[in-house]
Amino acid sequence: MGLRGDAAIAGYVELKPEKKPQGEPLFCIEQWARLAQLALQDAGIEKHEVDGLVTSAIAESAMFAPATLAEYLGLEVNFAEHVDLGGASSAGAIWRAAAAIELGIAEVVVCAFPAGPMPMPPELKPHPFPFGASSNEYGSPQAQFDIPYGNLAQNCGYAQIANLYAARYGYDPRALAKIAADQRASACANPDAIFYGQPLSIDDVLNSPMIADPIHLLEIVMPVAGGAAVVVTSKERAARARHRPVRITGCGERLAFKTPTYAPDLLHTPIAAASAQAFAMAGVSHADIDMASIYDCYTITVLMTLEDAGFCPKGKAAEFIHSHDLSYRGDFPCNPHGGQLSFGQTGMAGGMHHVIDGARQIMGRAGGNQVKHCNRAFVTGNGGIMSEQVVLILEGA
């Protein structure tokens, strides 16, 4: 049971992240259309071939988001999906597209995730706490029992994980800081990264302001505007596309809770089950992985993923990090595009950059930060506070 590797990524686009976007702001559906057009052009696939789409929420429609997009794009599709997994939505979109293709429902699926400013009327403006504790609506458990006591937003949740980790296994601040420093080394070789040409040392990270003890400012993502899209198609159609096809051979998904308050154990995250399923489906081992693109909203997220995904034993990630070079030049390339810590987090599109990171490396299109002999990638998506996890195994055709 599972994916057979008969669907592949054939093309992609990622907009260069910007702190202050230039030009006329676009509505969400206009951004979606632009991303779809550019990704299809990259793949060398015509619009009329598209028979599937996957999206996250769009500002213009509280319901029927896929239908709204299909209507705007002038498409009739056989497969349409709205994925609501937070930062895991992009990776979740990819395996859903691959499954639809393998089932014969669709042949060309566009997965697009806009991010950036949108001119919206007041009634459509985001909630004042857009992330909050994953739910801010009156009557929810979070609104009643978490938010009134200050337990809201991501900083608090990830700091709780880090403090519990410290109590159980010990905490090595330099190991966490090294994650950010190694990824910045990769970003300095990626002209599209928001921190391109701005080196970062471990001491720089540790000397940055403390935001939520023990997490420093430079251990947290930089929010930026941007967007990303990926075209998934059958392996037969991908073979006629412009680039080396990147097969989707394994996937795993696990949801366990919404907020840390209700997690059975904060130090055993859903990424463990998702990773085990993905590796088993792909029929590969950890030693077969040439690069990892791990969702990195915080450095502690990367550390937890390394352990729970099985790259090192529980409580031993600090040793693993110190003993490996995580940059694109290293022996364990992790987020060679710079990760969201140094490439930038483009809102809901942030997770798609990890998918593209893996695909680009396998296609051999990474340029100055190309990982040598890259044929297989481990990609993750993380929603909420280690709440929703998706894993992909990507392989070159």
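## Two nonpolar cores

Start with the inside of this predicted model: its largest nonpolar core takes in 53 residues. Within that core, the residues with the most contacts are Y158, I161, I300, L303, L306 and F378. Several elements supply two or more residues each: the helices α5 (153-169), α6 (173-187), α7 (202-207), α9 (271-282), α10 (299-308) and α11 (317-322), plus β11 (388-396). In soluble globular proteins, nonpolar side chains tend to be buried together.

To get a feel for the packing, look at I161. Leaving aside residues up to four places away in sequence, I161 touches L266, L267, I300, M304, I385 and M386. There's another core too, lying apart from the largest one. That one has 45 residues, including L3, V54, M363 and V379.

## A covered helix

Next up is α13, a helix of 14 residues running from 350 to 363. From first C-alpha to last, α13 reaches 20 Å, close to the 20 Å expected at 1.5 Å a residue. Is α13 mostly covered or mostly uncovered? It's mostly covered, with 14 of its 14 residues buried. Just after α13 comes G364, which takes a positive phi of about 75°.

## Cysteines without partners

How many disulfides does a search of the whole structure find? The count is zero. Take C28: its closest cysteine sulfur belongs to C111, and that's 15 Å away, so it is too far for a bond. C28 counts as buried because its relative accessibility is 5%.

C156 is in no disulfide either, since the nearest cysteine sulfur, in C297, lies 14 Å away. With 28% relative accessibility, C156 counts as partly exposed.

Methods
Residues numbered from 1 in each chain as written. Predicted model: local features only at pLDDT ≥ 70, side-chain atom pairs only at ≥ 80, totals over all residues. Heavy atoms only, no water. Core = buried A, V, L, I, M, F, W, Y, C linked by side-chain atoms within 4.5 Å. Buried < 20%, exposed > 50% of the residue type's maximum accessible area, 1.4 Å probe, protein only. Helix = DSSP H or I, 4+ residues; strand = E, 2+ residues; numbered from the N terminus. Contact = heavy atoms within 4.5 Å. Expected span 1.5 Å × (residues − 1). Disulfide = S-S within 2.5 Å.
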